[in-house]
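Subject: Structure for you to look at

Hello,

Here is the structure I said I would pass on. Please open it first; my notes on what was found follow below.

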Amino acid sequence: MRRVALILLVAGLALAALVVFGGLQPLGATVAFACIAGAALVPWQVHDPDASREIEFGANPVETDVARALVAGMPDPNVLLDRAGRVIHLNAAAAQLVPALRRNELAQFALRAPEIVTALREAIATREARRATYLNHVPVDRWMELIITPIPVPTAFGGVDYCMLLTFHDQTPLRRVEEMRADFVANASHELRTPLAALSGFIDTLQGPAREDARARERFLGIMHAQAARMARLIDDLLSLSRVELSVHVRPETIVDIVPIVREVVDGLEPLAAERHVEIETALPETPVLICGDREELLRLFENLIENALKYGASGGRVMVSSMLDVSSEGNPEFRVVVRDFGPGIAPEHLPRLTERFYRVDAGDSRAQGGTGLGLSLVKHILNRHRGRLLIESVPGQGASFTAGFPPARDVPEARS
Ligand code: ADP
């Protein structure tokens, strides 16, 4: 509107001067003024018809409240830069992620990683999107993918200007999964390679120096048998773990009585207990305790817990397996099976990591006992599938107790239908 007023003022003054000094008739001047006013007041559309009112009247579209609101409303960290790389808008998530970012300052002052600065320069120069990685180590490690997208913006004079939209995507969870996968493959290969190396070493010895030595042959064949059994156990555990992981979202539907399952495991482990000079005491209810469960998985779960107690807690001389109905921390009824040993126990720093795959307090001891390092991980996954929980308590020197808690059958929705 200011432009129209200016045109009318200039035209009015020029016509007045012509009337006074140039002999123009007032009537002619009035008609001329009316024509100029009419032309100035017509809303000529010199740009793209879709362009906003702000463009028509000269404001920079990326500096408007609409652009600010758009950036502020995006869920991921977002920053809008002008063509020179100066920050125009940034949302709260971006300000939190990169506190050094300031409006009207160059973004590369805050994002100083060479990879990002180069990507930004290239995006500005070529007007093509670029990607870079933004790493943040405070307060915890975070990996963000930064995408720089040049955005064409129509100018007030009908041309096109570019601003840069910086979007950060959090890749941390993906990265962690990828790291865990790589660790898992490395651990599994290592665990398999060790007995394999022993097997091939003994085969070489038996084919060479010990070919005619009957006593050595007997001894080596015994070791080879144990190593082959260890590999088989590891493969079994890996397969069980992957099966349970695949079905972890599907709750078992069959209603089972947990007491005979625990008794069956205790009976099956009596020979091992006798071998280790450990007595297994049981305190199990006479009446059935029903939960929604998978019998095979429950057998596996209790086998792991009781076998661990016999292996690692043997020095205590006894293992107690008891069960009771209790109340969970959320106030729901919970059926618990507690396996308690009186061995050396576990230092507190190890407790949170015991259910990680291949985590062992003492790797040598675990291998000597025929352990794979996967038992408690399997226990945790089986309990997750049963919507239960594992509680590990230990006082070093006084033994350890492993509690498996299950919701009773009547509290599992599927059990009622
Ligand atoms: P492993 O195959 O080595 O037994 P687990 O996942 O079953 O693997 O157990 C992980 C580790 O936890 C074991 O290597 C052992 O160090 C420790 N552990 C498990 N149960 C006990 C226990 N009852 N007492 C002491 N340490 C235990």
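Helices and strands here are DSSP runs, helices of at least four residues and strands of at least two, numbered from the N terminus. With that numbering, N104 is found in the loop between α5 (92-97) and α6 (107-110). Please keep in mind throughout that this is a predicted model.

Overall form

The chain has 14 helices and twelve strands. Its radius of gyration is 38 Å, whereas the globule rule gives 22 Å for 417 residues, so the chain is more spread out than a compact globule. The C-alpha trace spans about 135 × 65 × 35 Å along the principal axes. One pair of residues illustrates the extent: D161 and G405 are 244 residues apart along the chain, and their C-alpha atoms are separated by 64 Å.

Of the 417 residues, 38% are buried. Among contacts with a separation of 6 or more, 59% join residues that are 24 or more positions apart. The accessible surface comes to about 23,800 Å², and carbon and sulfur atoms hold 58% of that area. As for charge, the chain carries 44 positive and 52 negative charges, and the mean positions of the two sets are 5 Å apart.

The nonpolar core

The largest nonpolar core has 50 residues. Within this core, L301, F302, I306, L310 and F406 have the most contacts. At least two residues each are supplied by α9 (214-246), α10 (258-275), α11 (295-312), β9 (318-327), β10 (333-341), α13 (375-385) and β12 (400-406). Helix α10 gives the largest share, nine residues.

Helix α9 also holds D237. Is D237 buried or exposed? Its relative accessibility is 10%, and the cut-off for buried is under 20%, so D237 counts as buried. Leaving aside neighbours within four places in sequence, D237 is in contact with R300, T372 and L374.

Two residues with positive phi

N104, the loop residue mentioned at the start, has a positive phi of about 70° although it is not a glycine. F358 is another non-glycine residue with a positive phi, in this case near 70°. F358 lies in the loop between β10 and α12 (363-368). How do the two stand in terms of accessibility? N104 has a relative accessible area of 58% and is therefore exposed, while F358, at 9%, is buried.

Two partly exposed residues

D161 is placed in strand β5 (residues 160-170). With a relative accessibility of 24%, D161 counts as partly exposed. Not counting residues up to four places away in sequence, D161 touches R83, I151, P152, V153 and T155.

G38 has its place in helix α2 (residues 26-41). At 36% relative accessibility, G38 also counts as partly exposed. G38 and L8 are 30 residues apart along the chain, and their C-alpha atoms are separated by 9.9 Å.

Regards

Definitions and conventions: Residues numbered from 1 in each chain as written. Predicted model: local features only at pLDDT ≥ 70, side-chain atom pairs only at ≥ 80, totals over all residues. Heavy atoms only, no water. Rg over C-alpha atoms; globule rule 2.2 N^0.38 Å. Buried < 20%, exposed > 50% of the residue type's maximum accessible area, 1.4 Å probe, protein only. Contact = heavy atoms within 4.5 Å. Areas by Shrake-Rupley, 256 points an atom, 1.4 Å probe, with all protein chains shown as cover. Lys, Arg positive; Asp, Glu negative; His and termini not counted. Charge placed at Lys NZ, Arg CZ, Asp CG, Glu CD. Core = buried A, V, L, I, M, F, W, Y, C linked by side-chain atoms within 4.5 Å.
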